[in-house]
Amino acid sequence: MSVPELHHYGVSDSRGFIPDDNPPLCLPSYFSPWDDLAADVPNLLQTSSLRERVSNLPLLDHNKLEEPRHVRRAHLLLTTIAHSYVWCSGDSGVAKRLPKNVAIPWVGTSDKLGLPPIITHCDVVLNNWTKIDPEGPLELSNLRSLVSVSGCGRDEEWFWLLTTQVELCAAPGIKSVVEAQKAVLADDQHSLAASLRTMQKSMSAMVQMLPRMYEHCDRHVFFNNIRPFIAGWKNSKVLPDGLIYEGVWDEPKQFAGSSAGQSSAVACFDDALGINYEPEDSNVEQRLNWQFIRDLRDYMPREHRDFLMAVKNGPSIREYVKKSTSLELTRLYNECLNTSVDFRSEHIKLVTRYIVVQARKSQGDHKSLDDQGTGGTAIMPFLKFIRDRIGQHLL
């Protein structure tokens, strides 16, 4: 049984699942039409001229993208253009077809990254930032976002960047997952204890970061103006069959929108701690939740999925702790679980305030999303299922 090496899967020692190379500010000049249009999305949405501008976009050859960082930026730009195109006129004016000048390169860059052609956590969180001061630290106060999907200014920017900071908080813990598995293989309880402490500290930092969402992301603005643009077209009331990607598929395709559940960092801690979400009985709702959790992996980059599988198939931290007679290891393992529960509880608070409460007041143009997450599932039962299942793993 082997332990995964971070660099084999594009995982950073210091940044976790955020790439080591900073996102580029632009693509090679051939692709400037994508750069220019994505940068102009806020203005085009305000003037109701976005679809007209997209209709004049040339069909560019995505195969001319040579560097992985350029492929990632291209996917971010095309995602921004596509989602603003589909959702800019609300439920009543939703686009049912995506023009081939966007669809073909979007699907092409998606294939290169192992992602579906839809907005993902990878796009808007892992690859949608740049440093304000290039020589300054990689932290929230020194970041600005690269694109806006909804045109909502600081509220949207804060939503993405705060989540980017959560990912940065996870980075030391992700590195410690690998160190913990090495310690299990070596039967080194001292090193395992140190790794569990780092994991718990990392997860605790993630928990403490979440309430800062309230500082600059208004709940009303998020629910009515941001959230609709990051929805997908799976289990959609207004796009029940999905979206037609012209020039790629003749039949409509269904994909779920961006979701916090697409975070490879959160999934990594689940896999490292041996969390099993598969229900033990035939409860239909729990089985649907379990299937949704499995489906979320398809919305992570290919390399990240492979890393998570390697962690899952690697030396079991949970089984080692269970078999040991160490009270300290059991305590540290349980502290990790409890902190994971705290993270889920804090996330539920955010969802309650930003979605559930706002849905009761909703008068917007996107009523189809009121009782759903942007991933297309009934949101609160799902989140509570996750939190409660983690708690059931205490030793």
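Tyr354 is buried, with a relative accessible area of 4%; buried here means under 20% relative accessible area, exposed means over 50%, and partly exposed lies in between, with a 1.4 Å probe and protein chains only. The model is predicted, and local features need pLDDT of at least 70, side-chain atom pairs count only at pLDDT 80 or more, and totals for chains, interfaces and linings use all residues. Residues are numbered from 1 along each chain as its sequence is written, and side-chain values use heavy atoms, with hydrogens and water left out.

Tyr354 has an aromatic partner in Phe222, and the two rings are arranged edge-to-face, with 5.7 Å from centre to centre and 90 degrees between the planes. Rings of Phe, Tyr and Trp (its six-membered ring) pair if their centres lie within 6.5 Å; planes under 30 degrees apart count as stacked, those over 60 as edge-to-face and the rest as tilted. Phe222 belongs to helix α9 (residues 219-226) and Tyr354 to helix α14 (residues 327-361), so the pair ties together parts that are 132 residues apart in sequence. Like its partner, Phe222 is buried, with a relative accessible area of 6%. Both residues are members of one aromatic cluster, together with Phe159, Trp160 and Tyr214. In the whole structure, a search finds 15 aromatic pairs.

The overall architecture can now be described. The protein has 15 helices and four strands; helices (H or I, at least four residues) and strands (E, at least two) are DSSP runs, numbered from the N terminus. The C-alpha atoms fill a box of roughly 70 × 45 × 40 Å, taken along the principal axes. For 395 residues, a compact globule would have a radius of gyration near 21 Å, and the protein agrees with this, having 21 Å. The radius is taken over C-alpha atoms, and the globule rule is 2.2 Å times the number of residues to the power 0.38.

Of the 395 residues in the protein, 58% are buried. The exposed surface amounts to about 16800 Å², of which carbon and sulfur atoms supply 48%; accessible areas come from the Shrake-Rupley method with a 1.4 Å probe, and for residues only the protein chains shown count as cover. Among contacts between residues at least 6 apart in sequence, 79% join residues at least 24 apart, where contact means heavy atoms within 4.5 Å.

The interior includes a largest nonpolar core of 131 residues, in which Trp34, Leu98, Ile174, Leu192, Trp233 and Phe307 have the most contacts. Such a core is a set of buried Ala, Val, Leu, Ile, Met, Phe, Trp, Tyr and Cys residues joined through side-chain atoms within 4.5 Å. Helix α7 contributes the largest share of this core, 15 residues.

Trp34 also appears among the buried residues of α1, which are Trp34, Asp35, Leu37 and Ala38. These buried residues pack against α2, α3, α4 (68-87) and α5 (100-113). Elsewhere, strand β2 (residues 130-131) holds Thr130, which counts as buried at 11% relative accessibility. Leaving aside neighbours within four places in sequence, Thr130 is in contact with Leu25, Asn142, Leu143, Arg144 and Leu146.

Charged side chains provide a further set of links. Side chains of opposite charge can pair when their charged atoms come close. A salt bridge is a side-chain nitrogen of Lys or Arg within 4 Å of a carboxyl oxygen of Asp or Glu, and by this rule the count comes to 17. One of these joins Glu5 and Lys182, at 3.8 Å from N to O. Glu5 lies in the segment before α1 (32-39) and Lys182 in helix α7 (residues 153-186), so this pair ties together parts that are 177 residues apart in sequence. Glu5 is partly exposed, with a relative accessible area of 31%, and Lys182 is likewise partly exposed, at 33%. Glu179 joins Glu5 and Lys182 in a network of salt bridges.

Another salt bridge connects Asp40 and Arg53, whose closest N and O atoms are 2.9 Å apart. Asp40 lies in the loop between α1 and α2 (41-46), and Arg53 in helix α3 (residues 50-55), so the pair ties together parts that are 13 residues apart in sequence. Asp40 is partly exposed at 23%, as is Arg53 at 29%. Glu215 and Arg212 also meet through their side chains in a salt bridge of 2.8 Å, N to O. Glu215 has a relative accessible area of 41% and is partly exposed; Arg212, with 31%, is partly exposed as well.
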